[in-house]
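Visitor: Please take one part of this protein and look at it closely. I would like to see how that part sits within the whole.

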Amino acid sequence: MITAADVDTLLFDVIGTVVDEGGTMRAEVAAALEAAGVTEAGRAEALAAAWEERSWSLTASLADGGPWVSTDEINARALAEVLAGSGDLGLPAEAVRWLGQVGHRLRPWPDSAAALAALARRFTVVALSNGNLSMLASVSARGGLTWHAVLSAELVGVRKPDPAVYLFALDRLALDPARTLMVAAHPWDLRAAAACGLRTAYIERAGEGQPEPADSFGLTCPDLAALAAHLTAG
C-alpha cells in the first residue's frame with residue numbers, strides 16, 4: 001500500500017473526482033425547468049440524465065482523435081441535441097446558454113476542499129483535467145480548491161487517456177513518475193496513468209466508474225477525505 005513516504009506529487013482528475021458533475025447538472029436542470037414552469041414529475045431528472053449521457057458520448061467520440069473541443073463546447077452541444085429531441089419545454093435562450101456553461105459551476109464533493117487543503121500542506125497538489133482552463137479556473141475559485149498548479153488537456157490538444165496528457169504533466173513539472181500519484185474516480189484514467197509509470201489511487205465516487213477484475217491500484221479510498229487521512233497520518 002502506498003504511503004506518504006512513497007510520493008511527492010499528487011495529480012488529480014477534477015471532473016467527477018473533485019467536483020460533482022452529475023449532481024450539479026441535475027440541480028441546475030431542475031432549477032431551470034422550475035423557473036420555466038415545467039413541473040411534470042421526473043422531467044428534470046430525465047432531461048439531466050440524457051444530457052449527461054450525451055456529454056459522455058460526445059467526449060468518448062473525441063478520444064479517437066480530431067481537433068481539440070472544450071468541455072464547455074461539448075456540454076453546450078450535448079444540451080442542444082437533447083433539448084431538440086425533448087419537445088418544447090419553453091426554456092428561454094438565456095437559460096439554455098446558462099445551462100450550457102454548467103462546467104463553470106460544478107460543485108465540489110463535500111469532502112474535496114478540506115482534503116485538498118490538508119494534502120497541499122504536505123505534497124504538491126496539481127489538477128490534471130480534460131476540462132478547459134477557463135472552466136477549471138471557475139470551479140477552483142468557486143469551490144475554494146487548493147492547487148499548486150492547474151494543467152488542462154487543452155494545453156496538449158488531446159484528451160485523457162491519451163498518454164500525451166500525463167507525459168506533458170511529468171515533463172512540465174519535472175516529476176518523477178515513480179513518486180507521482182494519479183488520483184481519479186475513473187479506472188480508465190488510472191490505467192492510462194499507470195501505463196506512463198505513475199502510481200495510482202482510485203476514489204470510489206458513485207456513478208463515476210467501476211474497476212474491472214484485472215485492475216490493480218496502489219490505493220483505493222471511499223473519498224478524498226479518506227485519502228488525505230491516509231497520506232497525512234503520523
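Guide: What follows starts with the whole chain and then turns to one helix, H8.

This is a predicted model. The protein chain has nine helices and eight strands. Its radius of gyration is 18 Å, which agrees with the value near 17 Å that a compact globule of 234 residues would have. Along the principal axes, the C-alpha atoms fill a box of roughly 55 × 40 × 35 Å. Of the 234 residues, 49% count as buried. Take the contacts between residues at least 6 apart in sequence: 65% of them join residues at least 24 apart.

Now the helix. H8 covers residues 187–195. Which of its residues are buried? They are Pro 187, Asp 189, Leu 190, Ala 192 and Ala 193. The spacing can be read against helix geometry. An α-helix has 3.6 residues a turn, so residues three or four places apart point the same way.

What do these buried residues pack against? The partners are one helix and two strands: H7 (163–172), E6 (180–184) and E7 (199–203). Just after H8 comes Gly 197, with a positive phi of about 95°.

Back to the outside of the chain. The accessible surface comes to about 10300 Å². Carbon and sulfur atoms account for 55% of that surface. As for charge, the chain carries 17 positive and 28 negative charges. The mean positions of the two sets are 4 Å apart.

Definitions and conventions. Residues are numbered from 1 along each chain as its sequence is written. This is a predicted model: local features need pLDDT of at least 70, side-chain atom pairs count only at pLDDT 80 or more; totals for chains, interfaces and linings use all residues. Side-chain values use heavy atoms; hydrogens and water are left out. Helices (H or I, at least four residues) and strands (E, at least two) are DSSP runs, numbered from the N terminus. The radius of gyration is taken over C-alpha atoms; the globule rule is 2.2 Å times the number of residues to the power 0.38. Buried means under 20% relative accessible area, exposed over 50%, partly exposed in between (1.4 Å probe, protein chains only). Contact means heavy atoms within 4.5 Å. Accessible areas come from the Shrake-Rupley method with a 1.4 Å probe; for residues, only the protein chains shown count as cover. Lys and Arg count as positive and Asp and Glu as negative; His and the chain ends are not counted. The place of a charge is taken as NZ of Lys, CZ of Arg, CG of Asp or CD of Glu.
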